[in-house]
Amino acid sequence: MKPVFDGLRSRWQQTILVAALAGTVLGPAQAQPAGIYLFNGLDLGSWTAVLAKPGVTKEQVFSVRDGLIICKGEPLGFIQTDRTFTNFKLEVQYRWAPGSKPGNSGVFLRINGPPQPLPRCIECQLKAGDAGDLYGFHGMKIDGDKARRTEKKGHELGGDFIGIKKRFANENKAGQWNRVEVELRGGNLRVWVNGSLVNEATDCEVVAGPIGLQSEGGEIHFRKVRLVPLD
């Protein structure tokens, strides 16, 4: 019986090995769809800046150090990609400068219209304590839960805008890294902060536009800006 048992054990081991190899080869490809790293870790050559103060250069506000985008937070403005996107999944990792007071910033989606320091776009808010809030500036269409919805007319910087407050806060302590993930598909928008779904919006205006990272008070660092197109 021993030779028969050994033969069965050998075939069983081969089956386990094949299954393990198949999982090793196929698993990561299935779990990680092809994406675009909008920040290459070296420079901001594929990004342009729109800033509130004339004569201030992109490099005076946004720089790259040790593989991070360092945003000084002043003056008001943003950098944007040289490519436009409509439907996508986006991951942005950020932190407030260690040892400093957390400030304000945001991720801009579907930027369009004339250049201005706070552009016509949908913003995923990163302001400390408010990460995950959503806004549609300068008449940019967005809607959501009426209980969490706000609307203002004629704002000095944002024009007519609508806001959708997050359901709950899920930010890490000041100075620690946070991960914001956005899925924007047609008129539907979902936002995760550190793995938890914190906000959803509907009826978002569908238009192609760049992705933007905002300068709005307080030094902020970005280390990963990864996008997966859904078109």
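Biologist: When I look at the lining of the second largest pocket, how do its residues divide into nonpolar, polar and charged?

Modeller: In this model, which is predicted, the lining of that pocket divides into 6 nonpolar, 4 polar and 4 charged residues. The lining holds 14 residues, and those that lie nearest the centre of the pocket are N104, E123, Q125, F137 and E216. For the pocket itself, the computed volume is about 240 Å³.

Biologist: Before we go further into details, how many helices and strands does the protein chain have?

Modeller: The chain has 16 strands and 2 helices. To read how such a chain folds back on itself, one can take the contacts between residues at least 6 apart in sequence and ask what share joins residues at least 24 apart, which here is 65%. As for burial, 44% of the 231 residues are buried.

Biologist: Which residues touch the most other members of the largest nonpolar core?

Modeller: That core has 42 residues, and the ones touching the most other members are L90, V107, L109, L189, I211 and L213. Strand β6, which runs over residues 88-96, supplies the largest share of the core, with 5 residues. Apart from this core lies another one of 9 residues, including F78, I111, C121 and F137.

Biologist: If I pick out V107, what does it touch beyond the residues up to four places away in sequence?

Modeller: V107 touches L90, V92, I122, E123, C124 and L126, and it also reaches I211, G212 and L213. C124, one of these partners, counts as buried because its relative accessible area is 0%, which is under the 20% cut-off. The same reasoning applies to C71, which is buried because its relative accessibility is 0%.

Biologist: With cysteines in mind, how many disulfides does the structure hold?

Modeller: The structure holds 0 disulfides.

Biologist: Now for the backbone: which residues are joined by a cis peptide bond?

Modeller: The angle to read is omega, and for the bond joining E74 and P75, which is cis, omega is about -5 degrees. P75 sits in the loop between β4 (68-71) and β5 (77-81), and L76 is found in that loop as well.

Biologist: What is L76 in contact with, once its neighbours within four places in sequence are left aside?

Modeller: Its contacts are V50, L51, A52, P117, L157, Q214, S215 and E216. Sequence distance and spatial distance should be read side by side here, since L76 and Q214 are 138 residues apart in sequence while their C-alpha atoms are 7.7 Å apart in space.

Biologist: Where is G187 found, and which residues is it in contact with beyond its neighbours within four places in sequence?

Modeller: G187 belongs to the loop between β12 (178-185) and β13 (188-193), and its contacts are A201, T202, D203, C204 and V206. Although G187 and V206 stand 19 residues apart along the chain, 6.3 Å separates their C-alpha atoms.

Biologist: Finally, what is the phi of R110, and what is the phi of N194?

Modeller: Both residues can be read through the sign of the angle: R110, a residue other than glycine, has a positive phi near 55 degrees, and N194, likewise not a glycine, has a positive phi of about 50 degrees. Their places can be read too, for R110 lies in strand β7 (residues 106-112), whereas N194 lies in the loop between β13 and β14 (196-201). R110 also counts as buried, because its relative accessible area is 0%.

Conventions
Residues numbered from 1 in each chain as written. Predicted model: local features only at pLDDT ≥ 70, side-chain atom pairs only at ≥ 80, totals over all residues. Heavy atoms only, no water. Core = buried A, V, L, I, M, F, W, Y, C linked by side-chain atoms within 4.5 Å. Buried < 20%, exposed > 50% of the residue type's maximum accessible area, 1.4 Å probe, protein only. Helix = DSSP H or I, 4+ residues; strand = E, 2+ residues; numbered from the N terminus. Contact = heavy atoms within 4.5 Å. Disulfide = S-S within 2.5 Å. 1 Å grid on protein atoms, 1.4 Å probe; cavity = no way out; pocket = protein on both sides within 12 Å on 5 of 7 lines; lining within 4 Å. Points joined across faces, edges and corners; volume = space filled by probe spheres on them. Nonpolar A, V, L, I, M, F, W, Y, C, P; charged D, E, K, R; others polar.
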